[in-house]
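User: I would like to go through the terms used for this structure and see what each one rests on.

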Amino acid sequence: MESAARFSAIFVVLFVLVGALICTRLLNYNTETLFGATPTSAQARTSQSYPHKTGEIPKKPRRKFEIPLNCPAYDLRGTCPSNYPTTFHPEQNPERPSPPTCPEYFRWIHEDLRPWARTGITREMVERANRTANFKFVIVNGKAYVEQYEKAFQTRDVFTVWGFLQLLRRYPGQVPDLELMFDCVDWPVIPSHEYSGPNATAPPPLFRYCADDNTLDIVFPDWSFWGWAEINIRPWEVLFEELKEGNKRKTWLEREPYAYWKGNPDIAETRQDLIKCNVSEEHDWNARLYAQDWDRESKEGYNKSDLASQCIHRYKIYIEGSAWSVSEKYILSCDSVTLIVKPHYYDFFTRRLMPVEHYWPIKDDDKCRSIKFSVDWGNTHRRKAQAIGKASSNLIQEELKMDYVYDYMFHLLNEYAKLLQFKPTVPKKAVELCSEAMACQAEGTEKKFMLQSLVKGPAVSEPCAMPPPYDPSSLFAVLRRKENSMKQVETWERNYWESQSKKS
């Protein structure tokens, strides 16, 4: 009897287990029928319909690593924080995108450094550049040091140094050790004729914002990319987006069919000459020109100097001041045809501009008649004029993004450092600087702009790929194309005025 009872109990247990398995299978069958089967790991490896690659688990994109400002710690200790990474290698991310090729104007880095390609750069050469430099900038082991020689005009030196520090935050550990001299004054001072000939010495390497065809100064992005506090021009990354939105307010055809300029005419004779082209009772040269009173603007809160609200004319004039002007990138951003009065200086990106493709050239010695012709030509050839305006704004939006500004700085400093024939060291009078040392102590508009332009953390991608230098024939072709375009416009203009004189 005990054996029979034990057998019955075992049978009941087996019956329950089998029933449970059958019910579970039926439940799975119903679920699969309604929502589709969820494949097992083995099925997933062999299924042709599985959306991921065979044998691979989808990887999450690398999260952006941010380094917030640590002002409390800096205020307490008075030293730069030690939480900055000293190395960062985005190339080790297997899912990183291939870096794009840098814009065409990066090729000029090779040309700007060519005077030292054969000799390299010695410490003696660097020290000779301190005659006019405002400061020496040093990088050693990823840390920045500045030795100040002379205070620059307004906050040019402050925001230039701030730009260097943001580069180090963007590419920590990737900018090599170096020493360089920086001059924040507008006009270049290293004449090329003094360093030519078989027995000539090598020129001193001096960084600044612009140069010309007769000087050897090394051009570098200007301070306004991080903000111009004195006249309330916001950092480029912020203003870049505002200008894109301002462009949408009026189509090219809806804009005033005149050439517009607003600026300070008192800083250069060429600008005073331009003001003579304004509309008057005797003449209408198709120009609408306005003198900018910055003292009055500051008192009125800069309500009439909002750059994003100035894209309301079909044509905008760019004219140099005492040298090159920071206004060029804002004018080129507007979808308007940029009328460039013959320039004598260039900055780091403007050698990329091509006449008739990105802008319309204006004679320096016959401004009024030249402006009159250009506007008449554009209003007659509207489709071609619109294409020129669009080409310039596209170039700015695509090739002058802040990412590329930092990449230009990165490649220029790397190529410069390769030429150094000495080991960079920290000068005795230099001060270590970091973002906290500047932003935490700043006030008002300076602090606001520093926080707006702060690089939040290391880049998640590599810098763009540096293009090769120009070979002699390709460089000659670029220069010849520019010259031919200029001559073509001169011919059109001459024919225009000849026809006008016949009519009268």
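Analyst: A pocket is an open set of grid points with protein on both sides within 12 Å along at least five of seven lines, and lining residues have an atom within 4 Å of a point. The model discussed here is predicted.

User: What makes W228 a lining residue of the second largest pocket?

Analyst: Lining residues need an atom within 4 Å of a pocket point. W228 is one of the 40 residues that line the second largest pocket, so it meets that cut-off. W228, I267, R271, W294 and S325 are the lining residues nearest the centre. β6, β8 and α10 (328–332) each give two or more residues to this lining, and β6 has the largest share, with 4 residues. The space in this pocket is about 880 Å³.

User: How do you know how the lining of the second largest pocket divides by class?

Analyst: Trp and Ile count as nonpolar, Arg as charged, and Ser falls among the polar residues. On that scheme the lining has 23 nonpolar, 11 polar and 6 charged residues.

User: And which residues lie nearest the centre of the largest pocket, and what are the classes in its lining?

Analyst: D212, D213, Y346, R351 and L479 lie nearest the centre, out of 48 lining residues. The classes are 23 nonpolar, 8 polar and 17 charged. Helix α16 (472–503) gives the largest share of that lining, 8 residues; α4 (108–112) and β10 are among the elements that supply at least two residues. The volume is about 1,400 Å³.

User: Why are β9 and β10 called paired strands?

Analyst: Pairing requires at least two bridges between two strands. Strand β9 (residues 337–341) is joined to β10 by 3 bridges, so the requirement is met. The two strands run parallel. One bridge partner pair is V341 with I362, the latter in β10.

User: Why are β7 and β10 called edge strands?

Analyst: The sheet is open, with 5 strands in the order β7-β6-β8-β9-β10 and parallel pairing. β7 (287–291) and β10 (360–362) each have a single partner strand, so one side of each has no neighbour in the sheet. Neighbouring strands are turned by 25 degrees against each other on average, direction ignored.

User: What makes it right to say that helix α11 lies across β10?

Analyst: Contact means heavy atoms within 4.5 Å. Helix α11 (residues 367–380) lies across β6 (256–263), β7, β8 (313–318), β9 and β10, and runs at about 160 degrees to β10. Helix α12 (residues 382–399) lies across β8, β9 and β10, at about 75 degrees to β9.

Definitions and conventions
Residues are numbered from 1 along each chain as its sequence is written. This is a predicted model: local features need pLDDT of at least 70, side-chain atom pairs count only at pLDDT 80 or more; totals for chains, interfaces and linings use all residues. Side-chain values use heavy atoms; hydrogens and water are left out. Axes are lines fitted to C-alpha atoms, for helices over the stretch in contact, and angles run from 0 to 180 degrees between N-to-C directions. On a 1 Å grid over the protein atoms alone, a cavity is a set of points where a 1.4 Å probe fits but cannot get out, and a pocket is an open set with protein on both sides within 12 Å along at least five of seven lines; lining residues have an atom within 4 Å of a point. Grid points are joined across faces, edges and corners, and a volume is the space filled by probe spheres set on the points.
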